[in-house]
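The following exercises are to be worked through with the sequence and the structure at hand. Each task is followed by a solution in steps.

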Amino acid sequence: MDFLRPTTLDEALAVKAQRPDAVPIAGGTDVMVELNFDHRRPGALLDLTRIGELAEWSSSDGQISLGAGVSYTRLIGELGDVLPGLAMAARTVGSPQIRNRGTVGGNLGAASPAGDTHPVLLATGARVELASVRGRRTLAAEDFYTGVKRNALEPDELITAVHLPIATGGEQFAKIGTRNAMVIAVCSFAIVLRDGHAGAAIGSAAPTPRRVAEAERFLLDELPWDAPAPLADSFKRRFAELVAAAATPIDDVRGSAAYRTHALGVLARRTLTWAWDTYRGSARACA
Amino acid sequence: MRLNVTVNGERRQADDVWEGESLLYVLRERLGLPGSKNACEQGECGSCTVYLDDVPACSCLVAAGQAEGREVRTVEGLAEGEALDPVQQSFVDAGAVQCGFCTPGLVVAAHDLLDRVPDPSDEEIREALAGNLCRCTGYEKILDAVRTAAGAR
């Protein structure tokens, strides 16, 4: 095995083009588990932790460009105000030690259907930036997840950043697990409400994280955007049904398909209430 | 490969390090520092927690090569000579140690908490120690130890 240690992104992309078998490693919270348990023996490890460009974020035109190598701890501390939904998801990742090392780029690279940040990225309309020696491209998050632990990354590409809008309305993330720390989601849900946008997505309840298009359409068409009033229980229940209907979960060690479907409906109902309350508050503040 | 790393203030070198090896393995098996414990090897238990460039991390999830040129501080590096760090002394005084396997990781995690938050609430202590599993104590004495250490520092 080779250990490759580029210090610039250009160098890393050149290395990845030459060695497409090299497995990128940042926080190591997924890759090292596979190595420790002998589940994987890549030809090379490509260490991304010395590349300064990947560990930066910037803000312009109402968007945050979040470097793939920014840790969850930094994301929570430095961007919690402007990306509240993503920060909520980040706070549920592992433990302090894991959040100190783990990154959104790593979550995307692993592309687990249970990855905590995916529902937020989908619900907010994030774009994933990929780079190779051939150039850069960005993909909508929903086009990035292609199967169970599969993504749209080409063998010579690296995930460099995620672009996502600064929150202007309500954002929520919720997750079911046996305790608050150190749990892989039994299921998870994210919702983002801002003017002209209603995003909602499920995690750990289908082969990939996925948007729930019919439930989003329902919110966009039926929410009282112009005169934001509290929502009737019947409205929330209808939303919960649409979310639950979009799930195609499996039975596994963490929970049954029936439980996941039920729990998603509960998460959808609760988070809609909270996100709508925030949206109403922000709408009042602007009036 | 050869690895150069500063551990507890001392420049150390290890040879014949396998490229897929963890920092934990290097510390325990190559540098003679068995304080950090090897239990789950997947970041679940926190027993291998060390500072990597002043940030607590599970050393089982750090590839050895990622530590090249970096500074590592292990539980062995907390005491000043014979004088235990207040966190260590509080664990002794509170009876927060039973089998002792989780203790090094808990001590490092608590040490970091008190560096960041000198007078933590119980919620903050629980959150800070959420990644460290103890199967003996039921955690109450550990919480006592952290509260005592906060007062002593």
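## Exercise 1. Two residues with positive phi

With 20 C-beta neighbours inside 10 Å, A:Ala111 counts as buried. The model is a predicted one.

Task. Determine where A:Ala111 is found, and state whether B:Tyr139 counts as buried or partly exposed.

Solution.

Step 1. Locate the first residue: A:Ala111 lies in the loop that links α6 (104-110) to α7 of chain A. Its phi is near 50°, a positive value in a residue other than glycine.

Step 2. Recall the general expectation: most residues other than glycine have a negative phi.

Step 3. Turn to the second residue. B:Tyr139 also is not a glycine, and its phi is positive, about 75°. The loop between α4 (122-128) and α5 (140-152) of chain B holds B:Tyr139.

Step 4. Apply the cut-off, under which a buried residue needs 20 or more other C-beta atoms within 10 Å. B:Tyr139 has 16 such neighbours inside 10 Å and therefore counts as partly exposed, whereas A:Ala111 has 20 and therefore counts as buried.

## Exercise 2. The overall form of chain A

Task. Establish how many helices and strands chain A has, and compare its radius of gyration with the globule rule.

Solution.

Step 1. Count the elements: chain A has eleven helices and 14 strands.

Step 2. Compare the radii. For 287 residues the globule rule gives 19 Å, and the radius of gyration of chain A is 19 Å, so the chain is as compact as a globular protein of that length.

Step 3. Add the dimensions: along the principal axes, the C-alpha atoms of chain A fill a box of roughly 60 × 45 × 30 Å.

Step 4. Consider burial and contacts. Of the 287 residues of chain A, 51% count as buried. Among contacts in chain A with a separation of 6 or more, 65% involve residues 24 or more positions apart.

## Exercise 3. The two domains of chain A

Task. Identify which element supplies the largest share of the side of domain 1 of chain A that touches domain 2 of chain A.

Solution.

Step 1. Set the bounds: the domain assignment of chain A gives domain 1 as 2-165 and domain 2 as 176-286. The centres of these two domains of chain A, taken over C-alpha atoms, are 25 Å apart.

Step 2. Count the contacting residues: 19 residues of domain 1 of chain A are in contact with 21 residues of domain 2 of chain A.

Step 3. List the elements on the domain 1 side. At least two residues each come from α4 (84-91), α7 (118-124) and β8 (145-147) of chain A. The largest share, six residues, is that of α7(A).

Step 4. Sort this side by class: nine residues are nonpolar, eight polar and two charged.

## Exercise 4. Strand pairing in chain A

Task. Trace the partners of β6(A), and find which strands form the edges of the four-stranded open sheet.

Solution.

Step 1. Begin with β6 (residues 127-132) of chain A, which runs antiparallel to β7 (residues 135-140) of chain A and is joined to it by six bridges. The two strands make a hairpin with two residues between them. Within this pairing, A:Leu130 has A:Arg137 as its bridge partner.

Step 2. Take the other pairing: five bridges connect β6(A) with the antiparallel strand β10 (residues 158-165) of chain A. Here A:Val128 is partnered by A:Val162.

Step 3. Pass to the open sheet, whose four strands have the order β11-β12-β13-β14 (chain A) with antiparallel pairing. Its edge strands are β11 (170-176) and β14 (210-211) of chain A, each pairing on one side only.

Step 4. Examine one edge: two bridges join β13 (residues 197-203) of chain A to β14(A), and A:Ile202 has A:Arg210 as its bridge partner.

## Exercise 5. The nonpolar core

Task. Name the residues that touch the most other members of the largest nonpolar core.

Solution.

Step 1. This core has 135 residues, and those touching the most other members are A:Ala190, A:Ile202, A:Val243, A:Leu264 and B:Ala110. Helix α11 (residues 257-286) of chain A provides the largest share, eight residues.

Step 2. Follow A:Leu264 beyond its neighbours within four places in sequence: its contacts include A:Cys187, A:Phe189, A:Ile202 and A:Val243.

Definitions and conventions: Residues are numbered from 1 along each chain as its sequence is written. Chains are lettered from A and ligands numbered from 1 in the order in which they are written. This is a predicted model: local features need pLDDT of at least 70, side-chain atom pairs count only at pLDDT 80 or more; totals for chains, interfaces and linings use all residues. A nonpolar core is a set of buried Ala, Val, Leu, Ile, Met, Phe, Trp, Tyr and Cys residues joined through C-beta atoms within 7 Å. A residue is buried if 20 or more other C-beta atoms lie within 10 Å of its own, exposed if 12 or fewer, and partly exposed in between; C-beta atoms are placed from the backbone. Two residues are in contact if their C-beta atoms, placed from the backbone, lie within 7 Å. Domain bounds come from an automatic or database domain assignment. Ala, Val, Leu, Ile, Met, Phe, Trp, Tyr, Cys and Pro count as nonpolar, Asp, Glu, Lys and Arg as charged, and the others, Gly among them, as polar. Two strands pair if DSSP finds at least two bridges between them. The radius of gyration is taken over C-alpha atoms; the globule rule is 2.2 Å times the number of residues to the power 0.38.
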